[in-house]
Structure formats: C-alpha cells, structure tokens
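Me: Please show me the structure, so that I may put some questions about it.

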Amino acid sequence: MTNKDINNQNGVNSIWTDILGNNQQPDDKALLAHLRNIHQNNAGFTERCASTCRDKAGRNSYEWLAEIVPDIKGTRVLDLACGSGPLLKILYDRNKNLRLKGVDMCPEELALAKARLPDSAVDLFELKAQNLTTIDDNSIDVVLCHWALTLMDPITPVLNEVRRILSSGGRFAALINGPMDVAPGYRDVHNLIYEYVQTKLPKYGEIDLGDPRIRSTDSLEHLLSEAFPDAKINIDTSVVSLEGPVAKVAETTAGFFYASFILPPEIRKIMLSKLSDLLVISKQTKDIEGQGHFSMPINRLVVTK
Ligand SMILES: C[S@@+](CC[C@H](N)C(=O)[O-])C[C@H]1O[C@@H](n2cnc3c(N)ncnc32)[C@H](O)[C@@H]1O
C-alpha cells in the first residue's frame, strides 16, 4: 500500500501526529516530516484554495502580496516557500524583467512551479527556509512569503536568513493569518474544524504547526524587532472571501486548515457537512446546491531593512 493509500484511509498519519497522540511536543524534524507528507500527496492545494478568495477590491492574497514588489527592471525577488509557484507566475506575467527566485522544501510543489514557468524566468531551489545556502548575502531586494511563515519552527534561523540575504533597504513581506474576529464567522469555522480534529488528537490546537509567536500580532512584532532591530515594521489587515456552491466552499475552506488533513474520510465527510451548514447563506436552501460564503482574516506584514 502506498503512502497515499494510507492517507486516504486514515487521514494523514506522521511522526508529528504520533508524538501529539502521546501528548508530547513534536520537534522540528517531526514538523518537517508532517508537512512533507501533506504536500507530497496534495501538491498545489494552497493555490487552489487561496487563489479563489478575494478582498473587496477583487484581489486574491497573492495579488495583494505581489503589490509590494516595485515594477523596476532587475528587482531581485525571492519567494520563500513558493509552493506550486502562483506568486512567481503573477510576478513573471506582470514584468518579465524582474529577477525571480523561489525556494521550497517540497520537490512535488517545486515540480508544479517549474512546469508553469520558463526555466530562464525563475531559479528554483529545494531548500529549507532555515538554511538558504545557495542565496548570497545582500543579494535580494524583496523576500516574499505567502502562507508559510506560520508553519516554520524554528523561526529565528528563518528570520536571520532573510536578514542576511536582503539588500540594504530591501523588504520582507509575508502573508499570514489575521486576527480571527475581523472576519465574521471565521472563529466558528475554526472552532468547528478543530472540534472534529480533537476527536482524533485532543492536543491539536493547544499544540499546532509552527512557532506560536507568529500567530499573535504582539508576539510577532516582538520577534521581528529582535531579528530586524533597525527595521520599519508594518502590518496591514484585510479580509478575503469566497462564495459559490456551499459544498465546494466548505471543501475549499477546509483546505486552509492543515488540521483538517488528519481527519479520516468518514469523519471528514461529517465535518464538511456541518461546515456546509455553517457556511450556507440561506438556511432555507437545504439542498447541496445552496450558496455558501466564507470569509478569512489575513495580515500582510512588511519589514523594511
Ligand atoms: C501553505 S503552503 C504555501 C505555498 C505557496 N507559498 C502558496 O501560498 O501557494 C506552505 C509551503 O511551505 C513549504 N514549507 C514549509 N516549511 C518550510 C521550510 N521550513 N522551508 C521551506 N519550505 C517550507 C511547504 O513545502 C509548502 O510548499
């Protein structure tokens, strides 16, 4: 039986979930193995979810983050944890004269990025964000990171690497979760998904992926001001939303929660049905063709070195 079959039957099982199941704190190796497991079997899932959610101005979160990159010929940009490459593609389509690089630890994600971008347009590297060995000091003008900073632990070596590779006056911009209550209904969605996940792993939530300091604005600002002592730090909050057939909206919504990947199919099915009940726009429409709505808070963090 392949790894994929095992996941299909039981939800994702990894060293990380085993350790959590024993009520212990998983280490960084377990975290990487868990993320690898999810991404090698579901490459491209973040893009499928995130590209469909839009803010009031009609932008998805990739487009909002990409606005940080100036349209200046030769600007050197690194997409940290680039995944399947949607952000690099937006930048390449916008301006062929940017100098683009992408790194990710997952070869299956990088293969998708490589397939959509000409070899000459982007340099892609399989690297961990904690150790960007092939990227020279002061060689990047903008480091971008979309939906990945919250997964990284230890985080301090990542921030130190970003500081090392950024040129003077360079910018580090990351898209991360925003404050829960900014988006109506988001906390209920979060709580519902974690309720189901906790039937399998009671500690999931109390212990989560990545460094918890990235999840609150205060601790994040503190962490950043330690890593970038003289830098200007700015955090903007926004909300992105999605509407469509409610079953589809529920599937996409669940994709934003790594925790949902551990659910065995039969529990996942029940969870998705409850999630549809929560997301349906009109309670009058009982059939699965009813329309659903999901809103999510996002933060765009910008550090200017
Ligand atoms: C949620 S996905 C985001 C992918 C892409 N940035 C996007 O938004 O479509 C997280 C990505 O982070 C990568 N990742 C997680 N931890 C990493 C680390 N320590 N070093 C490098 N890549 C990492 C994963 O392989 C995955 O591709």
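Me: Which residues are the closest to the ligand?
Reply: This is a predicted model, in which local features need pLDDT of at least 70 and side-chain atom pairs count only at pLDDT 80 or more, while totals for chains, interfaces and linings use all residues. Residues are numbered from 1 along each chain as its sequence is written. The ligand is surrounded by 22 residues, each with its C-beta atom, placed from the backbone, within 6 Å of the ligand. The closest are Ala81, Gly83, Met105, Cys106 and Ala129.

Me: Which element gives the largest share of the shell around the ligand?
Reply: Two elements give two or more residues to this shell, α3 and α4 (45-50); helices (H or I, at least four residues) and strands (E, at least two) are DSSP runs, numbered from the N terminus. The largest share, three residues, comes from α4.

Me: Why does the span of helix α3 agree with its number of residues?
Reply: Helix α3 covers residues 28-41, which makes 14 residues. The expected span is 1.5 Å times one less than the number of residues. The expected value is therefore 20 Å, and the end C-alpha atoms agree with it, being apart by 20 Å.

Me: What are the edge strands of the open sheet?
Reply: The seven strands of the open sheet follow the order β3-β2-β1-β4-β5-β7-β6, with mixed pairing. Strands pair if DSSP finds at least two bridges between them. An edge strand pairs on one side only, and the edge strands here are β3 (122-126) and β6 (232-245).
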